[in-house]
Amino acid sequence: MHERHLNREKYFLEQSYTTAKYVIPYINRLLPVTPDLIVAEIGCGEGGNLKPFLDIGCRVIGIDIAGNKISNGLKFFDNHPGKSKLTLIAEDIYKVNPDTLRPFDLVIMRDTLEHIPDQDSFLEHLKKFLAPSAKVFLGFPPWRMPFGGHQQICRNSFLSKLPYFHLLPHPFYIGILKLFRENEATVKELLEVKKTRISIIRFKKILAKRNYKIDNEVFYMINPNYEVKFKLRTRKLPGILNVPYLKDFFTTTYYCLISLKEN
């Protein structure tokens with residue numbers, strides 16, 4: 001398991017770096033990120049992705065089901081000069097009453113969608129929180145990419161660096177995890193990701209079904225977050241690989257900005 005997953009403050013700062021350098025400029029192309037925006041993150045963890053928005057002066061709202069991560073986030077933001085504009089909520093998004101919050105102008109979800117059971121129902125539920133002209137930023141690793149199974153969380157160093165083995169049939173996958181003595185908690189988390197796996201094609205089918213449109217999309221062969229994690233240079237997917245199905249195997253992260261279609 002990478003040290004960054006154990007050191008939550010380091011992970012918080014990595015998230016903040018990537019969002020400031022890559023995500024906000026990407027959003028700015030279609031939606032100027034200004035202090036008057038209400039920005040929310042679903043599955044915010046400690047809120048590292050929200051920090052750059054708070055730095056700008058936006059009102060930010062983070063929602064996460066893990067109470068311990070929300071507690072960490074409150075500590076990390078304790079000395080932030082704009083913390084009066086920060087709201088962190090420890091709750092299941094399905095239990096949050098949208099009437100208690102102002103409609104969101106922008107929702108960000110980076111490395112979260114692949115963990116959500118039934119993404120179809122979730123994207124329908126999300127509509128209840130959106131302002132009429134809201135945008136939603138999503139960044140996620142397609143299931144078939146080299147580490148789409150999130151095997152980097154494995155405690156065994158060999159497995160944590162082994163690409164594509166998450167694509168093995170279920171019994172073989174479990175067998176390998178047990179052979180390398182991964183603990184029960186790690187196996188459970190990895191199997192949850194395998195169960196909720198999402199490809200780019202399936203994601204687009206869900207968007208069409210739920211009346212969303214894609215305003216912009218980018219396929220990265222080298223994830224922008226790998227710059228701070230591994231000192232690798234960000235690279236978009238070459239055109240020769242940008243074909244349906246095949247690109248799922250080589251896109252390490254997919255960025256898109258979506259909004260609701262006009263009725």
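**A tour from the core outwards**

Begin in this predicted model by selecting Phe104, Phe122, Leu126 and Phe203, which, of the 35 residues in the largest nonpolar core, touch the most other members. Next colour the elements that give two or more residues to this core, namely β1 (38-42), β2 (59-64), β4 (104-110), α5 (119-126), β5 (130-140), α9 (200-209), β6 (212-222) and β8 (253-260); the largest share, six residues, comes from β5.

Now centre the view on Phe104 and, leaving aside its neighbours within four places in sequence, display its contacts, which are Ile38, Ala40, Ile61, Ile63, Phe129, Leu130, Ala131 and Ala134. Apart from the largest core lies another core, of 27 residues, and to find this second core you can select Val39, Leu106, Ile108 and Tyr220, which are among its members.

Move then to Leu30, in the loop between α2 and β1, which counts as partly exposed because its relative accessibility is 41%. Leaving aside neighbours within four places in sequence, Leu30 is in contact with Asp215, Asn216 and Leu257; of these, Asn216 is 186 residues from Leu30 in sequence, yet the two are 8.4 Å apart in space, C-alpha to C-alpha.

Finally, select helix α2 (residues 8-28) together with helix α4 (residues 67-76), which pack with their axes 11 Å apart and at an angle of about 70°, so that α2 is roughly perpendicular to α4. Showing side chains here brings up Arg8, Glu9 and Phe12 in α2, which meet Lys69, Asn72 and Phe76 in α4, and the residues of this contact divide into three charged, two nonpolar and one polar.

Technical notes. Residues are numbered from 1 along each chain as its sequence is written. This is a predicted model: local features need pLDDT of at least 70, side-chain atom pairs count only at pLDDT 80 or more; totals for chains, interfaces and linings use all residues. Side-chain values use heavy atoms; hydrogens and water are left out. Axes are lines fitted to C-alpha atoms, for helices over the stretch in contact, and angles run from 0 to 180 degrees between N-to-C directions. Helices (H or I, at least four residues) and strands (E, at least two) are DSSP runs, numbered from the N terminus. Angles under 35 degrees count as roughly parallel, over 145 as roughly antiparallel, 65 to 115 as roughly perpendicular and the rest as oblique. Contact means heavy atoms within 4.5 Å. Ala, Val, Leu, Ile, Met, Phe, Trp, Tyr, Cys and Pro count as nonpolar, Asp, Glu, Lys and Arg as charged, and the others, Gly among them, as polar. A nonpolar core is a set of buried Ala, Val, Leu, Ile, Met, Phe, Trp, Tyr and Cys residues joined through side-chain atoms within 4.5 Å. Buried means under 20% relative accessible area, exposed over 50%, partly exposed in between (1.4 Å probe, protein chains only).
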